[in-house]
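Subject: Structure handover

Hello,

Here is the structure I promised to pass on. Please open it and keep it beside you as you read.

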Amino acid sequence: MAGPLSATRRTRPTPAQCIAATLFALLVVVAIIVIIWLAVRPGKLHLSVDHAAVRGFNFTSGGALQGTFALVLRAYNPNKRTAVYRSLDVGVWYGDTYLGGAKVPGFRQPPHNETRIVVAAPAAREPLPQDVEREMKKDRSAGRLPLDVHVRGKVWFKYGLVRTRRYKVRASCPLVPVDFASPSSFDRVYCHVHI
């Protein structure tokens, strides 16, 4: 004889139902994570060289370069979040040869903001290979010195009180012309930015 309690008794879920419920819960969690990631994910930052010049360009008797590379970089933050740069390392290269560099202190960049960064990178004191020195003198005589500018740094983004993880920023600006004949004229060189 069945009592009143036997009608309300629940049956246990089958193993297949447990697996299906677990997979559904995991699918919901993954969907929520993807939606949050798409909302918080930073867009690519834009970086360019707006001006480049060399002051005191000269070679020592030992083959070292003297002078200072004067650069004006332009950073644009297209994101809806504030970008916070910890610091930037700016290096000047001639082909595969390092010529000089400087460290730029950190700064905050509001959303949809353009920031000009003035860099004075002194030349490295090491002697250059003779073939590089010869090529640079030839380019100097021609009136235009093609340089490569490389920028490295770390950045994070603030979204209200929430801060994202740190991202490594690497930018390469190829063939930045230093014009000795007309140093005031310069066409902006856009950089390839990788985050």
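In which helix does phenylalanine 24 lie? It is helix 1, which covers residues 15-40. Before we go on, note that this is a predicted model.

**The nonpolar patch**

Stay with phenylalanine 24. Its relative accessible area is 56%. Exposed means over 50%, so phenylalanine 24 counts as exposed. Phe24 also has company. Together with Val28, Ile32 and Ile36, Phe24 forms a nonpolar patch on the surface. The accessible area of these four adds up to about 390 Å².

**The positive patch**

Now look for charge. A patch of positive charge sits on the surface. Its members are Arg86, Arg152, Lys154, Arg163, Arg166, Lys168 and Arg170. Strand 6 (144-159) and strand 8 (167-179) are the elements that each give two or more residues to this positive patch. Take arginine 152 as an example. Arginine 152 lies in strand 6. Its relative accessible area is 47%, so arginine 152 is partly exposed.

**What UniProt lists**

The next items come from an unreviewed UniProt entry. It lists "domain: Late embryogenesis abundant protein LEA-2 subgroup" at residues 73-173. In the model, residues 73-173 are 13% helix and 65% strand. The C-alpha atoms at the two ends of that span are 10 Å apart.

The UniProt entry, again unreviewed, also places the feature "transmembrane region" at residues 18-40 and 52-73. Check the second span in the model. Residues 52-73 are 0% helix and 77% strand. The end C-alpha atoms of this span lie 9 Å apart.

**Two positive phi angles**

Two residues deserve a click. Histidine 112 is not a glycine, yet its phi is positive, at about 50 degrees. You will find histidine 112 in the loop between strand 4 and strand 5 (113-122). Leucine 175 is not a glycine either, and it too has a positive phi of about 50 degrees. Leucine 175 is placed in strand 8. With a relative accessible area of 61%, leucine 175 is exposed.

**One loop glycine**

Last stop: glycine 95. It lies in the loop between strand 3 (82-94) and strand 4 (97-109). Is glycine 95 buried, partly exposed or exposed? It is partly exposed, with a relative accessible area of 45%. Now find aspartate 139. Glycine 95 and aspartate 139 are 44 residues apart in sequence. In space, they are 13 Å apart, C-alpha to C-alpha.

Best wishes

Technical notes:
Residues are numbered from 1 along each chain as its sequence is written. This is a predicted model: local features need pLDDT of at least 70, side-chain atom pairs count only at pLDDT 80 or more; totals for chains, interfaces and linings use all residues. Side-chain values use heavy atoms; hydrogens and water are left out. Patches are made of residues with over 30% relative accessible area and no salt bridge: like charges are joined within 9 Å, nonpolar side chains (Val, Leu, Ile, Met, Phe, Trp, Tyr) within 5 Å. Accessible areas come from the Shrake-Rupley method with a 1.4 Å probe; for residues, only the protein chains shown count as cover. A salt bridge is a side-chain nitrogen of Lys or Arg within 4 Å of a carboxyl oxygen of Asp or Glu. Lys and Arg count as positive and Asp and Glu as negative; His and the chain ends are not counted. The place of a charge is taken as NZ of Lys, CZ of Arg, CG of Asp or CD of Glu. Helices (H or I, at least four residues) and strands (E, at least two) are DSSP runs, numbered from the N terminus. Buried means under 20% relative accessible area, exposed over 50%, partly exposed in between (1.4 Å probe, protein chains only). UniProt positions are given in the numbering used here, feature names are shortened, and annotations may be inferred rather than shown by experiment.
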